[in-house]
Each structure stands twice: as structure tokens, then as C-alpha cells.
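Here are my notes on this two-chain model, set out as numbered points. I hope they help as you look through it.

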Amino acid sequence: MAVYERRYEPYQGPRRPVGGRAWVISRFAWDDFARSRLFLASLVAGAFVPTLGLLVVYLHHNAQALDVLNLPISELIRIDGSFFYLLLWPQHWLALWMALVVGPGLITRDLTGVALPLYFSRPLSRRSYLFGKAAALMALLSAVTWLPVLLVWLFQASLGGRSWAGDSLDILTSIMVSSLAWILLLTSLSLAISAWVRWTPVARLFILGLVSVPSAFAMAVYGITDRPWGLVFAPMLLVRDLRFSLMEDSLSQIGTAMRGGFPSLSAPWTLAALGLWTALGFLALMSRVKALDVVR
Amino acid sequence: MSTDPRELILFQEVSKFYGEVLGINRVSLSIPPGITSLVGPNGSGKSTLMNLMTGLLHPTVGRISVRGTATDDPERLHRLVGYCAQPDTFPPAATGLSFVAGFLEICGLGRRAAQLRAEETIDQLGLSDAAGRKVAAYSKGMRQRIKLARAIAHDPPVLVLDEPLNGLDPMARAEVIALFRRWGAGGRHLIVSSHILHEVDLLSDQVILMNQGYVVAEGDIQGVRGEMTRHPLQIVVRCADPRPLAARLIGADSVTDLQLHADGGGFFARTRDPEGFYRLVQDAVLQEGLILETVMPVDDDVGAVYQYLIGEA
């Protein structure tokens, strides 16, 4: 028997807490996103509508600029719930687009490349791994949804004064709550589908189908029963409803017209239904992500 | 040999079933530090054994401890274990340095400490020049080495390496084998699975032979061969005048078979008692003043043991 002399030197320095290690997974994912030109183009496109919003707010508070442009203030859109709805609506569509672009590859690549044993042979739990992936996607979706619209709201609040800000808290609530609900939903569904469907184009179709196709079903149920409960199956309509219902008092005619004759649930029911969708997505995801995919 | 569980990898009556499919069955092992090779055909349970000791799978029955740490304690276990998996999987945008450093950060090291340690390890594996390049652009051998760097970077006392020599050219193989020897001699456990039997011979302090989920033999290869009494050891003897020696040996109980070579320059013997055989040869040489050119066993390597225990199964 050989006599072994211990010559290895394990790391003895400080260690970061377990929760913080998930950010490494997020960083790998961000590096990966940054390689996609389509993604970068979408990110730039995401700044277009909020920039227009900032311009409109600026013009509202700058008579000189309006004079130079020879533009009467009455011809500018009013800054109220409808204005913010018009800003938020395209951003939410863009978030869906970005989830379609980057979401399907997030976990598929690790599953097909058998990379999960690499991650889970480190002190990293499944939850931390999934949190890292979800955080990467949520940060990106935040960058095109509530963050830029919040910036416009804050700009208007700084120019419009405390009274405007106080009166428009429902708009702020709608921006934040509807965006976060939408982000959570898109994240859970796109990660779950990314884990279950390995072919990216098919995964994209699935995500799109899951958020949009049930809307037709919901409307059919509404048409037949005259009751809004079909909405529970249509996450896209639920988020639309949430955007409207949380800023209902601040909507002008344009907003009310945009809302149209769609059925509506109360905000707590809408949130509960969206929570259920999100939870189902995460459950499907957890059941698929394992250190080893054992083929029996 | 140490019996301190903090120095051993212990499997106690471990079974792993995938539904109704057997992974490994009733495996009890006590693996000391040094280089241990896992040998067996596909589906024999080698990967299951590796995945169990790295905590990626949990046993259906039985207990496993790695240097005193249970495999269901990932936070402690994964500080002890470095795993080099067989598939070549890397985050697409990762450079060699960010790949190794990133996984060190997952181990809990701060960014700066991870960076420094990654640089040192990459240098140790001779990849410093390529550290800033994307792993996707590496050759097969470089990818294998960066995977090894990732496994060893946190300086774990246990390294589990699945086919670590795959894809390496002969020079790189020699370098990596030398590294393994250094790591093994440094007191680490190195658990290596390989299909290349002559490399297992070169590399291993001990082998674990597996077949159909069972351990069919374990220990140092000569010891294993010595216990296989059903297959007499084959020995070649070459000398200028082999007849007197052959005449003395042929009557001995320990010699089961003896054939003179056609060229008259030696003979081929089979024995169930190698030590007795060598003693007889030694006595004959001393008494008759013979000059021997070669006395060499021809089937005491991993290949032969594999053939007898698994190939004939």
C-alpha cells in the first residue's frame, strides 16, 4: 500500500451565501442572450415607445417647445390612465416577443447538452438553478415593461407635482402589478415549455399558443354563457383586464373605448387566476429539471 | 490500509433501481485514496456508481459516505468532490476562464478569488494561452482539459472523472496521466472510468470491475488476478537452455501445463500458485546456474482479468 502525503489545498477563504450563487447562472444566461442580434434589436426597439412617452410629457410641460413646434396643447394626448395604457400595451407585446426569442433556449440547451449534472455536482440546488434562469429572463422582461413606463410616470410626477402623483397612484399600481404578473407568467410558461419541448421553433409555437389560443375559447364561453369565467383559461386576456381594471378611474374616453365590450373579472380573481397559471408553469418546470434524466 | 471513514469512500449494501431496471445491486465498497478505475461494459453500472458518489443520484437502498460526508448533504459533499462528466457541455458564450471561474463562484468563492484560482488551475493544465478564448472554439483535447480544470479548481480531495482521456492525443494523454498520478499521490481519491484497458493498467492503484450492476472484483489488479484460481496464471520464461528448468517444473504441483517454444529458447507455463512457481524457478536458477532472459506473466493485466471475469460471463 502506498503512503500518501496530503498535498492538496482546499479553498479555506470566505464563501458567498448559498442564495447568491444563483446569480452565476443568471450571468451565464445574460451572456448567452447578448449573443442574439434579434434580442439586441428587440431591446433597442423596446426603448422607442417609452421615449415617445417621455417626449409627450416634456411637451406637456414646456410651452416654449410647443410654440416652436406650433402645436396647441389641446392636440396632445392627455396624460392620464389611457396615455399610460397606450405606453404599457406595446411593451407587454414586446415582452411576449422577447420571451419567445430567448425563453425556449434557456433550459433546453442544458437538457440536450446534459449540462445539468455539471451544475448539480456543485453546491447548487434545483431551486437556485431555476431561480438563476428565471431571474435572467425576468430582469430582461422588466427592462422592456415596467421599468421604462415607470420612468415616464416618474418624469410626469416630477413635472406634474405631488397632487398629480397622488391622484395617479392607481396608474402606478396598474403599471407595476400588471407588468409583474405578465413577467411572472411569461417566465414560468416559457421556462416550463423550454424544459419539456426540446425543439426551439415548436417551443415558441407552444408559448404563443398557450397565451393566445385560449382567448378565443374564453370569448366563446362568454358568447354562450354571458359570464366572464372563461377568462380564467386565457392568461393574455387576464393581463389585459388587469391593466384596465387597476387604473379604471383614470381612464379617459380613449381607454374606455379600447377596453370595448370585453368580459371582465374582479382584480382579485384575475390575480388568483394568473397566480394559478404561473404556479402550474413552475410545477411543470420543477418536475422536469433533475440532475440526471434517467431513461428507463 | 486506513479504516478511518474520513479517508475512505464507503458504499454499504447500496442498490439503485430505476423503476424496475437495475442500476447497481448490493454494492459494498471501501475505496482508499489513490487512483481507482471503474471497468466494465456499457450498462454495467459504472456511471450509476459515479453518479451516486457525486450525489447526483440517491440510492434506493443502502448508505454512501464520501470521506465521512453523506451524499445527501450537497453543500458539504460538493466541496469535497470534483466531477468531470463525459459530455462536452459549456455555456455557449463562456471563455475557458469564465467557465472555470463561474463554477468556482457557484462553489461560493468571491469573484476575485474565483478568477485567481481559475487562472492558476488553467495554467496547471497548460491552457493559459487559450484561457481568454471561447470554449466553443477549443479542440477536443482542450475541451477535455478545461473540463478537468473545472473539476479540480476548488482543490477537492475526491475527483470523479468519467472517461477523462477521451479525445486526447497521445502527448496530451501522457501529460494528463502524469497529472492524475500527481493528484493521486497527493492523497486524493481519483475515481476514473475508462474503456481503454491498457491505460487503466498504466494508471490505476486499484480497479473495480463491474458487470450487470454487480461488482465482480475489486482491489489491486495483481491481487485480483491471484485470487482467480479457475484461470491459472500464464507465464513466459525465456532462457538459452530451458529444458533442465522445464524438467524440474513439470513435476511440480503448482504447474498445470508447460509447453516448450518451437525455437527451443524458452517455454510457456500455467500455474495456480504463482508464488510457488517463482520460488521453484529461483531455486533452479541458483542450483543449476541458469541464466534467464525473461520471466513474465502474460495475463495478469486488467485486459486479461476483464476477459476472464466479464468477457466469459
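**Notes on the model**

1. Let me start with a single residue: B:Arg67 is buried, because its relative accessibility is 9% and the limit for that class is under 20%. Please keep in mind that this is a predicted model. B:Arg67 sits in the loop that links strand S4 (61-66) to strand S5 (69-70) of chain B. The backbone is worth a look here too, since phi of B:Arg67 is near 50°, a positive value in a residue that is not glycine.

2. A second residue in chain B invites a side-by-side look. B:Gln212 also has a phi near 50°, again positive and again in a residue other than glycine. Its place is the loop between S9 and S10 of chain B. Is B:Gln212 buried or exposed? With a relative accessible area of 60%, B:Gln212 is exposed, whereas B:Arg67 is buried at 9%.

3. One further loop residue in chain B is B:His231, found between H8 and S11. At 14% relative accessibility, B:His231 falls in the buried class, because that class takes in values under 20%. Along the chain, B:His231 and B:Thr271 are 40 residues apart, yet 8.7 Å separates their C-alpha atoms.

4. Now to the make-up of the chains. Chain A contains 14 helices and zero strands, so reading from the N terminus you meet α elements throughout: α-α-α-α-α-α-α-α-α-α-α-α-α-α. Chain B, in turn, has 11 helices and 14 strands.

5. For the overall dimensions, the C-alpha atoms of chain A fill a box of roughly 95 × 50 × 35 Å along the principal axes. The C-alpha trace of chain B spans about 75 × 45 × 35 Å, also along its principal axes. Of the 296 residues in chain A, 50% are buried; for the 313 residues of chain B, the share is 55%.

6. How are the contacts spread along the sequence? In chain A, taking contacts between residues at least 6 apart, 77% join residues at least 24 apart. In chain B, residues 24 or more positions apart account for 67% of the contacts with a separation of 6 or more.

7. The surfaces and charges can be read together. Chain A exposes about 14,300 Å², and carbon and sulfur atoms supply 67% of that area. Chain B exposes about 13,200 Å², with 50% supplied by carbon and sulfur atoms. Chain A carries 24 positive and 15 negative side chains, and the centres of these two sets lie 16 Å apart. In chain B there are 30 positive and 37 negative side chains, whose centres are 7 Å apart.

8. Which residues touch the most other members of the largest nonpolar core? This core has 152 residues, and the ones in question are A:Phe84, A:Ile107, A:Tyr119, A:Tyr129, B:Phe11 and B:Phe180. Leaving out residues up to four places away in sequence, B:Phe180 touches B:Ile35, B:Leu148, B:Leu161, B:Pro164, B:Leu165, B:Leu190 and B:Leu203. Apart from the largest core lies another, of 15 residues, including B:Leu249, B:Leu258, B:Ala269 and B:Val281.

9. Do have a look at A:Ser121, in the loop between helix H7 (116-120) and helix H8 (126-144) of chain A. This serine is buried, with a relative accessible area of 2%. The side chain of A:Ser121 reaches the backbone oxygen of A:Leu118 at 3.1 Å. Setting aside neighbours within four places in sequence, A:Ser121 is in contact with B:Leu56, B:His78, B:Val81, B:Tyr83 and B:Arg150.

10. Helix H11 of chain B, residues 302-311, has B:Val302, B:Ala304, B:Val305, B:Tyr306, B:Tyr308 and B:Ile310 among its buried residues. What do the buried residues of H11(B) pack against? Their partners in chain B are strand S3 (34-39), helix H7 (197-203), strand S9 (206-211), strand S10 (214-219), helix H8 (221-226) and strand S11 (233-239).

11. Finally, a glycine in chain A: A:Gly209 is in helix H11, residues 200-225. A:Gly209 is partly exposed, because its relative accessible area of 21% is not under the 20% that buried requires. The C-alpha atoms of A:Gly209 and A:Leu231 are separated by 15 Å, with these positions 22 residues apart along the chain as the separation.

Notes: Residues are numbered from 1 along each chain as its sequence is written. Chains are lettered from A and ligands numbered from 1 in the order in which they are written. This is a predicted model: local features need pLDDT of at least 70, side-chain atom pairs count only at pLDDT 80 or more; totals for chains, interfaces and linings use all residues. Side-chain values use heavy atoms; hydrogens and water are left out. Helices (H or I, at least four residues) and strands (E, at least two) are DSSP runs, numbered from the N terminus. Buried means under 20% relative accessible area, exposed over 50%, partly exposed in between (1.4 Å probe, protein chains only). Contact means heavy atoms within 4.5 Å. Accessible areas come from the Shrake-Rupley method with a 1.4 Å probe; for residues, only the protein chains shown count as cover. Lys and Arg count as positive and Asp and Glu as negative; His and the chain ends are not counted. The place of a charge is taken as NZ of Lys, CZ of Arg, CG of Asp or CD of Glu. A nonpolar core is a set of buried Ala, Val, Leu, Ile, Met, Phe, Trp, Tyr and Cys residues joined through side-chain atoms within 4.5 Å. A polar contact is a pair of N or O atoms within 3.5 Å; within protein, one must be able to donate a hydrogen and the other to accept it, and residues adjacent in sequence count only if both atoms are side-chain atoms.
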